[in-house]
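User: I'd like to go through this fold bit by bit, with the cut-offs spelled out. Can you take my questions in turn?

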Amino acid sequence: MASAMNAGGGGGGVLKKMGLFRVQYYCVMGAVAAAVVLVTVRYMPAPTDTGGGAGSTVRASSSSTAAAPGGEEERGENVWSAGEERRKKAASASASAQRVVVFNFGDSNSDTGGVAAVMGIHIAPPEGRAYFHHPTGRLSDGRVILDFICESLNTHHLSPYMKPLGSDYSNGVNFAIAGSTATPGDTRFSLDVQLDQFLFFKERCLESIERGEDAPIDKKGFESALYTMDIGHNDVTGVLYLPYDKILAKLPPMVAEIKKAIESLHKNGARKFWIHGTGALGCLPQKLAMPRDDDSDLDEHGCITKFNDAAKKFNALLSETCDDLRLQMTDSTIVFVDMFAVKYDLVANHTKYGIEKPLMTCCGHGGPPYNYDPKRSCMTSDMDLCELGAKFISWDGVHFTDAANGMVAAKVLSGEFSIPRIKLTGLVTPAKPKDSRL
Ligand SMILES: *[C@@H]1O[C@H](CO)[C@@H](O)[C@H](O)[C@H]1NC(C)=O
């Protein structure tokens, strides 16, 4: 395991390794940052769903792949009918300043189907089973935190930037791609690339408007938009194999990338930032299931102290960076959210949340204590799957369930974990345009 992880921590190779997508899980497992993406690979069943070909992780044809997780979902769930869409467009010029627009950057924690669309991954049930009732490309049985955030803002779920069917960018764009890092070049869709994609989108929108054509977002929309980030999980995970002091030395450059991204967005007119730290990495079943010499590094709740300390340190640096940026960008609101505190509380106080086994996956292999097997992960026909409705934090060892993401989102939205203590809903203009035509 140590050597496998070394491969991942080796740095620059991780992103290139995404190219090895279809290679055996084990070969690439060491690429820890890519592991998140690889979880998705394990989600690939044979297109027939007979279980017979499940092990072969067949790559579905791109047309069927794109259609399944992509097209149906947003349309079915919550979007406007064509008529409403038309009226909305008519009113958009006057209403855009009041409409909620969100641009999100991140990894699997906020990927709403991006990686599935862009890599052409066919994701099978039970993914999505708890909320959408079919796979959507999210690495969960339901919604990610960003979905709950959108719901709280009375706007529909964000469409992934690269989702070909059924996308609706009138309320913003989700650039998050599972597996992504803040560190450039470590992953194909690292934060700098996501930022370039944003700039591409923005320039095309403004060009279209200049030519008198339609665009989903206008200048005012970009200016008043909320810019959210939830990234760093894969960067930190990628260095956890190192001794603690070496881990600490690796953190500042990661945070510097997030800072650079915020500065760049600010230069491009962004004024409202909502920045998530990373979670309690040492409580994830995927980490806990790694072989260890003894349990001496487990804390009172059974989590790995070293990994959690690294996550806390990353967050402290990111929070300090946000403090600095606040002084530098006095025309902006920059909110840091302590995701470690939010997610660790879920584990520490799990009974309060109705959760019985906070360190065990809902979907995995091997049963207690963690129900996680890196070789098999969630997606094979003989997985150990929790009952629908059972409250679990971890869906597949890395990603949270719909239920847990809902609890996390409620805490995020409460403002209690924010610096400064601002509620997200107070940061954006009201979702319902005052324009009576809508
Ligand atoms: C658990 O809940 C108590 C009471 O709400 C709170 O004070 C404490 O900080 C929580 N523990 C963690 C680790 O978040």
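What follows is a short run of questions and answers on this chain.

Analyst: Quick ground rules: this is a predicted model, where local features need pLDDT of at least 70, side-chain atom pairs count only at pLDDT 80 or more, and totals for chains, interfaces and linings use all residues. Residues are numbered from 1 along each chain as its sequence is written.

User: How many helices and strands are in the chain?

Analyst: Helices (H or I, at least four residues) and strands (E, at least two) are DSSP runs, numbered from the N terminus. On that basis, the count for the chain is 17 helices and eight strands.

User: Which residues are around the ligand?

Analyst: A residue is near a molecule if its C-beta atom, placed from the backbone, lies within 6 Å of it. The shell splits into two nonpolar, one polar and one charged. Its residues are Tyr344, Asp345, Ala348 and Asn349.

User: Why is helix α15 largely enclosed by the rest of the structure?

Analyst: Buried means 20 or more other C-beta atoms within 10 Å of a residue's own, exposed means 12 or fewer, and partly exposed is in between, with C-beta atoms placed from the backbone. Met339, Phe340 and Tyr344 are among the buried residues of α15, and the buried ones pack against β4, α14, β5 and α16. Helix α15 (residues 339-348) is largely enclosed because the buried ones number seven of its ten residues.

User: Which helix gives the largest share of the largest nonpolar core?

Analyst: A nonpolar core is a set of buried Ala, Val, Leu, Ile, Met, Phe, Trp, Tyr and Cys residues joined through C-beta atoms within 7 Å. This one has 110 residues, with Ile258, Ile275, Phe314 and Val408 touching the most other members. The largest share, eight residues, comes from α12.

User: What does isoleucine 258 touch?

Analyst: Contact means C-beta atoms, placed from the backbone, within 7 Å. Ile258 is one of the buried residues of α12. Leaving out residues up to four places away in sequence, isoleucine 258 touches Ala182, Leu191, Met229, Ile231, Gly232, Leu318 and Thr321.

User: Which residues are the bridge partners of phenylalanine 103 in β2 and in β3?

Analyst: Strands pair if DSSP finds at least two bridges between them. β1 runs parallel to β2 over three bridges and parallel to β3 over five. In β2 the partner of phenylalanine 103 is valine 173, and in β3 the partner is tyrosine 227.

Key: Ala, Val, Leu, Ile, Met, Phe, Trp, Tyr, Cys and Pro count as nonpolar, Asp, Glu, Lys and Arg as charged, and the others, Gly among them, as polar. Two residues are in contact if their C-beta atoms, placed from the backbone, lie within 7 Å.
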